[in-house]
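Hi,

Here is the structure I promised to pass on to you. Please have a look at it first, and then read my notes underneath.

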Amino acid sequence: MEEKDLIMKIRDLDISFKTTAGVVHAIRGINIDLERGQTISVVGESGSGKSVTMRAAMGILAKNATVESGTIEFTYKNDNGSMETVDILKKDKKWIRKNINGKRIAMVFQDPMTSLDPTMNIGKQIMEGMRWHYNTSKEEAHKKAVELLKEVGIEDAEKRMKQYPHQLSGGMRQRVVIAIALACDPELLICDEPTTALDVTIQAKIIELIRREQKKRGISVIYITHDLGVVAKVADFVNVMYAGKIVEKGTVNEVFYDPKHPYTWGLLSAMPDLNTDDDRLYTIPGSPPNLLHEVPGDAFAPRNKFALVIDDKKEPPMFKISETHYAATWLLDERAPKVEMPIELKNRLERMKKEAERYGS
Ligand SMILES: Nc1ncnc2c1ncn2[C@@H]1O[C@H](COP(=O)(O)OP(=O)(O)OP(=O)(O)O)[C@@H](O)[C@H]1O
C-alpha cells in the first residue's frame, strides 16, 4: 500500500487530569491521522475531549494533565530545510515554544477577544511572532504584516496596524487572528470553533478565508467544532468524539450520508436544518458520562435507544466499514440485529446530499 504523507499521527493517546474530586480520565485511547494538505475535523458534544486532544497536539496541556500513554508524531520542515519527525509529547515546553507554537502549528480560537492582547496594537501583534521566531527586522515584519492584513481582507491596512482590538468588529478581529496565525507560515492550522462567536453572515466569510489560505499555502487544517454544517463545507475527513474516544471516522461523505454510529445519528439529527426551516429532528437524551469514574462497556449505551445487552458489559471495537470508514458500535457486529438509522434522518440526509450535489459542493 502507498505510504501516506502524514503531517500528524496520533496513536493511543490517553490523558487524565488530577482534580480535587479525583482523576478525570478525559482522553481514552485516540488515533488520528492527518495527511499533508488535508482538512480534518473533530466533532462531538461539549466535554467529549476535542480541545484537550488539540492542546496535546500543540504541546500546551494544562499543568494538572498526565499523559498516561500515546504518541503525537509531527513531521515538519526544520530550520535546515529537511523533513523531521518529532513526538510532541516528548518535547519540553521551551522547545515547543521555540519550534512549534505559532511557528509550525498555529491556532485560531473561538473568541478573538481572548486570543488578542487588548493593550497591544494590531500591527505589533502580527509582527511579534516573526520577530521572535525568525528575527525578522522591524521594517520587513511591518511590510509583511501589512500584506497579511490585506490578504485576510482588511482594508486600510496601514491605518489598521496602529489600531487596537476594541476598535475592530468581531469579524475583523477574527481576520486579524488569522493573519497572526499565518504570519510565521505554519504547516498546520488548528481552528477551535473559529466561527461560533460570530454572526452567521460573517461565519461563511471566515470559513471561506481559511479555506482560501489553506489552498494557497498548502497547509493542513484541523477544525474542532460541534457545528456539523461547517464540517460538511470544509473537511475531507471527520472524526466523531464521544467521552474521550473516537467513535466514528470516515470521509465527509461516509460520515454525513452513511453514518453508522447511533451517536453520529443523534448529532446529525440534532443539527438544525437551515434549508427547510425544519427544527431539530431529535436531541440526544441525557448527558455524557462522568469521566471521574471508569465507564464500563459502551459509554454511549445509557443514552442510546438502540443499545444491546452487550453494550453494558463490553466496549465495542472499531468495526471496519470501508478502507476509510470505521465505527465503534456493537450494531455493526455480524451477530447484532439489523438496525437502520431513523427514517426521518435518512430522508434528511438524502435531501442534503441532493442539495450538495446540485450546488456542486
Ligand atoms: N485542566 C483540566 N482539569 C480537569 N479536567 C479538565 C481539564 N481540561 C479539560 N478537562 C475535562 O476534560 C474533558 C474534555 O474537555 P474538552 O475541553 O476537551 O472538551 P471539548 O470536547 O473540547 O468541549 P467544548 O466543545 O465544550 O470545548 C471534560 O470532561 C473536561 O471537564
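Below is what I found, starting with the ligand and then moving on to the domains.

One thing to keep in mind is that this is a predicted model.

Let me begin with the ligand. There are 16 residues around the ligand, and those that come nearest are F17, A26, S46, S51 and A62. If you prefer to think in elements, strand 1 (6-19), strand 2 (22-35) and helix 1 (50-57) each contribute at least two residues to the shell around the ligand. Helix 1 provides the most, namely three residues. As for the character of this shell, nine of its residues are polar, six are nonpolar and one is charged.

Now to the domains. According to the domain assignment, the chain has domain 1, covering 6-235, and domain 2, covering 260-358. Their C-alpha centres are 29 Å apart. Where the two meet, eleven residues of domain 1 are in contact with seven residues of domain 2. On the domain 1 side of that contact, strand 2 and helix 9 (228-234) are the elements that give two or more residues. The largest share there, four residues, belongs to strand 2. Sorted by class, this side of domain 1 holds five nonpolar residues, five polar residues and one charged residue.

Strand 2 is worth a look in your viewer, as it turns up in both parts of these notes: it supplies at least two residues of the shell around the ligand, and it also gives four residues to the side of domain 1 that touches domain 2.

Happy browsing, and best wishes!

How values were computed. Residues are numbered from 1 along each chain as its sequence is written. This is a predicted model: local features need pLDDT of at least 70, side-chain atom pairs count only at pLDDT 80 or more; totals for chains, interfaces and linings use all residues. A residue is near a molecule or strand if its C-beta atom, placed from the backbone, lies within 6 Å of it. Ala, Val, Leu, Ile, Met, Phe, Trp, Tyr, Cys and Pro count as nonpolar, Asp, Glu, Lys and Arg as charged, and the others, Gly among them, as polar. Domain bounds come from an automatic or database domain assignment.
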